[in-house]
Amino acid sequence: MNDNILDQELGWEDEIENEGSPRRVLEPGEYPFTVLGFERARYAGSEKVAPCNQAILHLRVDAPDGESEMNVNLFLLKRFEWKLCQFFTSIGLRQHGEKLRMNWAAVTGKTGRCRITKRTYKDKNGADRETNDLDEFLDPLGAPSMQQAGGFTPGAF
């Protein structure tokens, strides 16, 4: 998505029509997705994650009963290189075991598969709410898995 358009100020009497996408919570499972766009951002840092460049992916997730849109944050830190590799492999721009110069200009319109989970949280009013998290980007159908390619699973030590 283009930040310049999203940050465009509206006049008091401008016409409006964009109602946004409906907020749906998907059941946990594997789903195909399409990259609608992405934003380059700077993450200020937290107790767990150092300040770094951040890609905010805008995805359309296709479920049997309709589609849902979600944003996924990818932190450009060596610590999260495995997640970046998962993403670029999932959309077919990288093969297991190969080095890749990340080409963010090529990601819009690409499709892939992902595993979605469901998480419960309390909103600012203390009410229980549910949301989806993208747990992992999956290999394209028919592609050799990381284990078949001789790779490893992060955290599997």
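Which residue forms a salt bridge with Arg-119? The partner is Asp-133, and the closest N and O atoms of the two lie 2.7 Å apart. A salt bridge here is a side-chain nitrogen of Lys or Arg within 4 Å of a carboxyl oxygen of Asp or Glu. We will come back to this pair after a look at the chain as a whole.

First, a word on what you are looking at. This is a predicted model, in which local features need pLDDT of at least 70 and side-chain atom pairs count only at pLDDT 80 or more, while totals for chains, interfaces and linings use all residues. Residues are numbered from 1 along each chain as its sequence is written, and side-chain values use heavy atoms, with hydrogens and water left out.

Let us start with the overall plan. The chain has two helices and five strands, and from the N terminus on they follow the order α-β-β-β-α-β-β. Helices (H or I, at least four residues) and strands (E, at least two) are DSSP runs, numbered from the N terminus. Of the 157 residues in the chain, 29% are buried. In these terms, buried means under 20% relative accessible area, exposed means over 50%, and partly exposed is in between (1.4 Å probe, protein chains only). The chain exposes about 11,100 Å², with carbon and sulfur atoms supplying 49% of it; accessible areas come from the Shrake-Rupley method with a 1.4 Å probe, and for residues only the protein chains shown count as cover. Among contacts between residues at least 6 apart in sequence, 51% join residues at least 24 apart, where contact means heavy atoms within 4.5 Å.

Now find helix 2, residues 81–90. Seven of its 10 residues are buried, so the helix is largely enclosed by the rest of the structure. The buried ones are Lys-83, Leu-84, Gln-86, Phe-87, Phe-88, Thr-89 and Ser-90. Their cover includes strand 1, strand 2 (52–63), strand 3 (66–75), strand 4 (111–122) and strand 5 (128–138). Just after the helix, Gly-92 takes a positive phi of about 85 degrees.

Moving back along the chain, Leu-77 sits in the loop between strand 3 and helix 2. Leaving aside residues up to four places away in sequence, Leu-77 touches Val-49, Ala-50, Pro-51 and Cys-52. Cys-52 is 25 residues from Leu-77 along the chain, yet their C-alpha atoms are separated by 6.7 Å.

Strand 2 holds another residue to visit, Gln-54. Gln-54 counts as buried, at 10% relative accessibility. Its C-alpha atom is 5.0 Å from that of Ala-41, although the two are 13 residues apart in sequence. Beyond residues up to four places away in sequence, Gln-54 touches a number of others, including Glu-39, Tyr-43, Asn-73 and Phe-75.

With those places in mind, we can return to the charged side chains. A search of the whole structure finds 12 salt bridges. One of them joins Glu-67 to Arg-60, with the closest N and O atoms 3.5 Å apart. Glu-67 is partly exposed at 45% relative accessibility, and Arg-60 is also partly exposed, at 23%.

Another salt bridge brings together Glu-130 and Lys-118 (3.9 Å, N to O). Glu-130 lies in strand 5 and Lys-118 in strand 4, so this pair ties together parts that are 12 residues apart in sequence. Glu-130 is partly exposed, with a relative accessible area of 41%, and Lys-118 is partly exposed at 29%.

Here the opening pair returns: Asp-133 forms its salt bridge with Arg-119 at 2.7 Å. This pair links distant parts of the chain, with Asp-133 in strand 5 and Arg-119 in strand 4, 14 residues apart. Asp-133 is partly exposed at 26% relative accessibility, and Arg-119 is partly exposed at 39%. Elsewhere, salt bridges that share partners join Glu-30, Arg-113, Arg-115 and Glu-136 into one network.

Our last stop is Glu-13, in the loop between helix 1 (3–6) and strand 1 (29–43). Glu-13 is exposed, with a relative accessible area of 79%.
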